[in-house]
Amino acid sequence: MRKFRTLGILVAFLGITVMAKAQIAIDTLSSDALNQLLIEQIERLADEGEEENDYEELLDNYIFYSENPINLNSEEIVHLAELQLINAFQLEELRKYRRYYGDFLFLDELEMVEGFDEQTINILRPIVCIREDNSKDKITGQKLARYGKHQVIGRYEQVLEKQQGYYPISDEELLDKPNSRYLGSPQKYELRYSYNYRNKIRAGFALKKDAGELFFNDKLSDTIKSVLGNKRYSGFDFFGFHLYANDLGCVKDVALGDYQLSFGQGLTLWSGMNFGKAVAGSSVMRQGRGIRPKASSSEATFMRGAAVTLNFGKFYGTAFYSNRMIDANVSMADSLDEAEYVSSIQETGYHRTIGEILDRHAIRQQVFGGHLAFANEHLEIGYTLHHTMLSAELQLTPSHFNQFYFQGNQLTNQGLDFKYVNGKFALFGEGSMSFNKAFAGLVGLTVRPTGYINFTALYRNYDKRYQNLIASPFAESSRGQGEKGVYLGIEVAPAPYWNILLYADQFQFTWLTMQAYAPSWGHDYYCRISHSINKKTSYYLQFRSKTKMKNSTDEHTFSYYPIFYTKNSVKFNINYMIGNNFALCNKAEYAHYKNDDGSNSRGYFVCQDVAYKPQNKPFSLTFRYALFDTDDYNARVYAYENDVLYSFSIPALYGKGMRIYLLGKVKLFNALTIYARIGRTIYSNQDEISSGPSLIKGNHKTDLKVEAIWKF
């Protein structure tokens with residue numbers, strides 16, 4: 001009864017939001033074009049690997065610039081390339097246009113810039129603006145107080161069904177199986193504050209407590225307290241803060257607290273998220289972001305300390321230092337409870353069970369180094385050097401595939417990157433070397449014979465002995481180690497409002513992997529055709545085929561014998577408007593997975609989205625009804641779901657059932673916006689969901705989110 005009462009309360013709340021009145025229109029994340037691009041990028045990222053990705057940073061960047069638009073009459077336009085909304089050629093054309101004709105006077109002037117079609121302009125409209133370049137204006141306390149923007153975000157999330165990990169058990173049972181129960185409550189809380197002054201000065205903090213983690217009022221027995229020792233904590237599990245400024249005279253960027261670093265093509269130093277093969281064509285060439293503040297509550301792959309970039313004409317110099325505690329699996333400790341060595345580094349950010357809490361902040365990671373760069377109108381050359389120190393030895397449990405993984409407590413990496421863009425072609429690449437003198441390198445060429453054709457070729461060769469803890473290069477594997485490959489991509493606009501994107505990637509692993517205990521190889525083929533019929537209707541058809549190798553599971557063959565497996569998928573998506581208030585979307589996807597040992601699995605997914613967004617009204621509603629039917633996890637389907645602002649949902653759907661959700665939004669008091677979202681997955685072929693402490697006894701799972709955003 002409690003579940004139905006909770007559902008009733010939420011539905012009533014959403015009904016109230018529909019009837020609410022206000023004097024101004026609702027604020028939106030972005031235009032339909034930009035929003036659709038974001039959805040496609042996230043769905044392709046989810047398909048990329050077997051690990052769960054964290055998309056907070058990607059969402060934060062899009063939302064930040066939709067609320068604080070990029071000035072086309074300033075060097076802020078480089079952020080468009082960093083977000084891969086424009087390519088290197090388009091960035092060069094923007095700069096060339098301003099040199100020849102002066103500042104932009106209106107947004108439609110973009111139509112006169114070579115290489116900018118209507119689709120690209122529609123994507124950019126919500127995140128760019130035209131104004132005088134005031135980046136050199138003197139900053140005063142009065143201006144900071146008058147023109148600064150403040151934002152506070154509070155969010156609550158919970159799975160309404162009771163999971164196995166929250167049922168009470170005795171201390172004896174818990175100590176016997178320390179990872180079988182969550183010690184905290186099932187609620188997830190997040191609180192964030194941010195300040196922004198004209199995209200020039202940014203500051204803020206983030207607090208987060210995940211579901212199952214300890215909080216202020218959690219009650220533990222004395223026995224459990226003694227087991228946890230000084231690892232026990234109270235309050236929010238994660239706390240982060242940032243202070244960032246740019247264009248302060250010769251100081252190009254400076255950051256204190258949490259920040260991200262990215263240089264070159266990601267082979268030597270790249271913290272935070274990257275797009276991988278989620279975008280193709282000319283976008284494979286990356287635009288290093290340098291120093292950027294980290295405003296999200298993500299608990300992995302970031303720096304904590306200080307960093308500064310100085311600019312002297314065409315030369316740039318960056319120095320940084322990071323010092324933070326990271327999670328690790330402690331294998332042995334001395335009498336002072338300090339780790340002597342660890343068997344693995346953990347990046348999930350979860351601290352729910354006894355084992356996870358004992359791994360929390362187990363060792364200290366210090367990283368320091370620098371980047372020197374020269375940049376003129378066409379050429380960029382950079383050199384990066386950094387040193388990583390761990391407070392305890394990393395000693396991996398010996399396995400077939402990890403013989404060349406990094407072990408020890410100190411690691412040095414250095415690399416040279418370059419990029420040359422001139423008219424019809426762009427040449428880019430990076431070479432990097434780890435402390436053991438192992439080399440990794442990539443080189444690429446993008447050619448633009450006409451304004452609407454881009455062809456890219458990229459070759460990569462990463463030594464199996466190459467080691468780097470803070471890198472994220474273009475690669476099939478997540479480690480960027482022991483891999484060779486050739487990538488060919490082409491992006492064509494054969495006619496107005498048409499776009500064709502194709503790529504082929506042939507790759508080879510020169511050493512054993514977690515899935516294949518022998519050198520292996522594979523390929524990845526992708527084709528996407530999109531068409532905008534008019535301003536209210538667009539669609540795309542996508543085909544992807546990926547073949548890799550893994551150990552055979554056939555009981556009649558040697559278990560370490562690698563075989564090929566292939567996953568083919570076809571996806572169709574159409575977005576259209578009915579009148580001015582209703583936006584609809586239909587999705588359909590079919591997936592086929594097969595092994596060389598004869599096993600096959602298939603799956604499909606279809607859905608109908610309806611969004612009611614009345615013009616000049618302070619509220620909106622979004623609804624989805626979806627059906628899915630897959631034989632097993634191998635044929636799973638990822639489907640992006642609309643969510644509360646600064647959050648995301650992209651579940652992996654497998655089995656047989658239906659998925660529905662309702663998202664409501666209302667803006668009150670001109671400054672306060674409330675979001676509420678409830679979703680339910682109902683399975684028709686199973687009576688239990690998930691396993692271990694996440695197990696739900698029943699055929700349905702219900703998730704709830706409520707968020708409040710206050711701007712002043």
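Helices here are DSSP runs of type H or I with at least four residues, numbered from the N terminus. With that in hand, welcome to a tour of a predicted model, one close-up at a time.

**View 1. Leu-91 sits in helix H5.**
With a relative accessible area of 4%, Leu-91 is buried, because that value falls under 20%. Leaving out residues up to four places away in sequence, Leu-91 touches Ile-77, Val-78, Ala-81, Ile-86 and Gln-287. One of these partners, Ala-81, lies ten residues from Leu-91 in sequence, and the two C-alpha atoms are 6.8 Å apart.

**View 2. The largest nonpolar core brings together 46 residues.**
Ile-42, Leu-80, Leu-85, Ile-86, Leu-94, Leu-110 and Phe-116 have the most contacts inside this core. Which elements give two or more residues to it? They are helix H2 (32-48), helix H3 (56-67), helix H4 (78-82), helix H5 (88-101) and helix H6 (118-124). H2 supplies the largest share, with seven residues. A second core of 20 residues lies apart from this one, and its members include Ala-88, Val-284, Met-285 and Tyr-487. As general background, nonpolar side chains in soluble globular proteins tend to be buried together.

**View 3. Leu-110 is among the residues with the most contacts inside the largest core.**
Which residues does Leu-110 contact, once neighbours within four places in sequence are left aside? The list is Leu-72, Leu-94, Phe-104, Phe-116 and Ile-121. Two names in that list, Leu-94 and Phe-116, also appear among the residues with the most contacts inside the core.

**View 4. Strands S12 and S13 pair in an antiparallel arrangement.**
Strand S12 covers residues 363-375 and strand S13 covers residues 379-394, with eleven bridges joining them. To find your bearings, look for Phe-374, whose bridge partner in S13 is Ile-381. Three residues make the hairpin connection from S12 to S13.

**View 5. Strand S16 pairs with S15 and with S17.**
S15 (residues 425-434) runs antiparallel to S16 (residues 439-450), and nine bridges hold the pairing in the model. Within this pair, Phe-425 stands opposite Val-447 of S16. The hairpin of S15 and S16 has four residues between the strands, and Lys-437 there takes a positive phi near 65°. S16 is also antiparallel to S17 (residues 453-462), again through nine bridges. Thr-450 has Ile-453 as its bridge partner in S17, and the hairpin of S16 and S17 has two residues between the strands.

**View 6. Asp-247 and Tyr-497 each have a positive phi without being glycine.**
Most residues other than glycine have a negative phi, which makes such places worth a look. Asp-247 belongs to strand S6 (residues 238-248), and its phi is near 55°. Is Asp-247 buried or exposed? Neither label fits, because its relative accessible area of 30% makes Asp-247 partly exposed. Tyr-497 has a phi of about 75° and lies in the loop between strand S18 (483-492) and strand S19 (498-509). Tyr-497 is partly exposed as well, with a relative accessibility of 44%.

**View 7. Gln-615 occupies a loop between two strands.**
The strands on either side are S24 (600-612) and S25 (619-630). Apart from neighbours within four places in sequence, Gln-615 is in contact with Asn-580 and Asn-581. How far is Gln-615 from Tyr-244, C-alpha to C-alpha? The separation is 36 Å, for two residues that are 371 residues apart along the chain.

**View 8. Stepping back, the chain has ten helices and 32 strands.**
The radius of gyration is 26 Å, close to the 27 Å that the globule rule gives for 712 residues, so the chain is as compact as a globular protein of that length. Along its principal axes, the C-alpha trace spans about 75 × 65 × 60 Å. Buried residues account for 52% of the chain. Among contacts with a separation of 6 or more, 63% join residues 24 or more positions apart. The accessible surface is about 31,800 Å², and carbon and sulfur atoms hold 57% of that area.

**View 9. Confidence varies along the chain, and residues 1-31 have pLDDT under 50.**
For this stretch, the model has 53 contacts beyond four places in sequence. Over the chain, the mean pLDDT is 87, and 91% of the residues reach 70 or more.

Technical notes
Residues are numbered from 1 along each chain as its sequence is written. This is a predicted model: local features need pLDDT of at least 70, side-chain atom pairs count only at pLDDT 80 or more; totals for chains, interfaces and linings use all residues. Side-chain values use heavy atoms; hydrogens and water are left out. A nonpolar core is a set of buried Ala, Val, Leu, Ile, Met, Phe, Trp, Tyr and Cys residues joined through side-chain atoms within 4.5 Å. Buried means under 20% relative accessible area, exposed over 50%, partly exposed in between (1.4 Å probe, protein chains only). Contact means heavy atoms within 4.5 Å. Two strands pair if DSSP finds at least two bridges between them. pLDDT is the predictor's confidence in each residue, from 0 to 100. The radius of gyration is taken over C-alpha atoms; the globule rule is 2.2 Å times the number of residues to the power 0.38. Accessible areas come from the Shrake-Rupley method with a 1.4 Å probe; for residues, only the protein chains shown count as cover.
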